[in-house]
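Trainee: I should like to understand how the terms used for a protein structure are justified. May we take them one at a time?

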Amino acid sequence: MTDIQLTTSAAKRVAAIAAKQDKPAVLRLAVEGGGCAGFSYRFALGELQADDMLVETDGVCLVVDPMTLDLVRGSAVDFVEDMGGSAFKVTNPNAASGCGCGSSFSI
C-alpha cells in the first residue's frame, strides 16, 4: 500500500493551476485543527521541505509533512467536477466521520 495517492485528474488540475500562476507543479496537502468535524484539509501550491513525503503522478508532486501523513496515510487526493462544483477531494480511510461539506473529518 502506498502512503498516499494523487489521481491523474488531480495531477492535471494542479498542472493547469501551476502553469497559470507560473509556479512549480507541487501540491501541498496539510491537515489543521478546525472545521465542523475536528480536522480540515488545506491545499496550496508549495515546495518540497526536507522532511516531506512526496508522491508523483504525471510529473506533478503531492507533498505532505510527517504529522499530516499520520492522519491521511492510505488516502487518495482527487479532483472532482459535478453539478455542485469542482474541488479537490480526499478519500481518507482513517476518517471515522466527516461533515456534510466534505472538507473536514474526525479520527
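Trainee: Why is Asp52 called buried in this predicted model?

Mentor: The relative accessibility of Asp52 is 13%. Buried means under 20%, so Asp52 counts as buried.

Trainee: What makes the contact of Arg28 and Asp52 a salt bridge?

Mentor: A side-chain nitrogen of Arg must lie within 4 Å of a carboxyl oxygen of Asp. For Arg28 and Asp52 the distance from N to O is 2.4 Å, so the pair meets the cut-off of 4 Å. The two residues come from distant parts of the chain: Arg28 belongs to strand β2, Asp52 to the loop between β3 and β4, and 24 residues separate them in sequence.

Trainee: Is Arg28 buried or exposed?

Mentor: Arg28 has a relative accessibility of 15% and therefore counts as buried.

Trainee: What is known of the strand that holds Arg28?

Mentor: Strand β2 is mostly covered, with six of its eight residues buried. β2 pairs with β3 in the antiparallel sense over seven bridges, and Ala30 stands opposite Arg42 of β3. β2 is also joined to β5, by three bridges, and these two strands run parallel. Within that pairing, Leu27 has Leu62 as its bridge partner in β5.

Trainee: Why is Val31 called buried?

Mentor: Val31, a residue of strand β2, has a relative accessible area of 8%. That value is under 20%, so Val31 is buried.

Trainee: How far apart are Val31 and Thr68 in sequence and in space?

Mentor: They are 37 residues apart in sequence, and their C-alpha atoms are 5.5 Å apart in space.

Trainee: Why does Asp65 have no salt bridge?

Mentor: The nearest side chain of opposite charge, that of Arg28, is 4.7 Å away from Asp65. A salt bridge requires a distance within 4 Å, so Asp65, although buried, has none.

Trainee: What, then, does the side chain of Asp65 reach?

Mentor: The side chain of Asp65, a residue in the loop between β5 and α2, reaches the backbone nitrogen of Met67 at 3.0 Å. A polar contact of 2.9 Å also joins the side chains of Asp65 and Thr68. Leaving aside neighbours within four places in sequence, Asp65 is in contact with Arg28 and Asp52.

Trainee: How many salt bridges does a search of the whole structure find?

Mentor: The search finds four salt bridges. One of them joins Arg73 and Asp3, whose closest N and O atoms are 2.8 Å apart. Arg73 lies in the loop between α2 and β6, Asp3 in the segment before β1, and the two are 70 residues apart.

Trainee: Why is Arg73 called partly exposed?

Mentor: The relative accessibility of Arg73 is 32%. Partly exposed residues fall between the limits of 20% and 50%, so Arg73 counts as partly exposed. Asp3, with a relative accessible area of 27%, is therefore partly exposed as well.

Trainee: What makes Arg42 and Glu32 a tie between separate parts of the chain?

Mentor: Arg42 forms a salt bridge with Glu32, with the closest N and O atoms 3.0 Å apart. Arg42 is in strand β3 and Glu32 in strand β2, so the pair ties together parts that are 10 residues apart in sequence. Arg42 is partly exposed at 39% relative accessible area, and Glu32 is partly exposed at 35%. Elsewhere, salt bridges with shared partners join Asp3, Asp70 and Arg73 into one network.

Trainee: Which residues of the largest nonpolar core touch the most other members?

Mentor: Among its 20 residues, these are Ile4, Leu6, Leu29, Leu62, Val72 and Val77. Elements that give two or more residues to this core include β1, α1, β2 and β6. Val77 is in contact with residues distant in sequence, among them Ile4, Leu6, Leu29, Leu62 and Phe88.

Trainee: How do these details fit into the whole chain?

Mentor: The protein chain has two helices and nine strands, in the order β-α-β-β-β-β-α-β-β-β-β from the N terminus. Buried residues make up 36% of its 107 residues. Of the contacts with a separation of 6 or more, 54% are between residues 24 or more positions apart.

Methods:
Residues numbered from 1 in each chain as written. Predicted model: local features only at pLDDT ≥ 70, side-chain atom pairs only at ≥ 80, totals over all residues. Heavy atoms only, no water. Core = buried A, V, L, I, M, F, W, Y, C linked by side-chain atoms within 4.5 Å. Buried < 20%, exposed > 50% of the residue type's maximum accessible area, 1.4 Å probe, protein only. Helix = DSSP H or I, 4+ residues; strand = E, 2+ residues; numbered from the N terminus. Contact = heavy atoms within 4.5 Å. Pairing = 2+ DSSP bridges. Lys, Arg positive; Asp, Glu negative; His and termini not counted. Polar contact = N/O pair within 3.5 Å; in protein donor to acceptor, adjacent residues only side chain to side chain.
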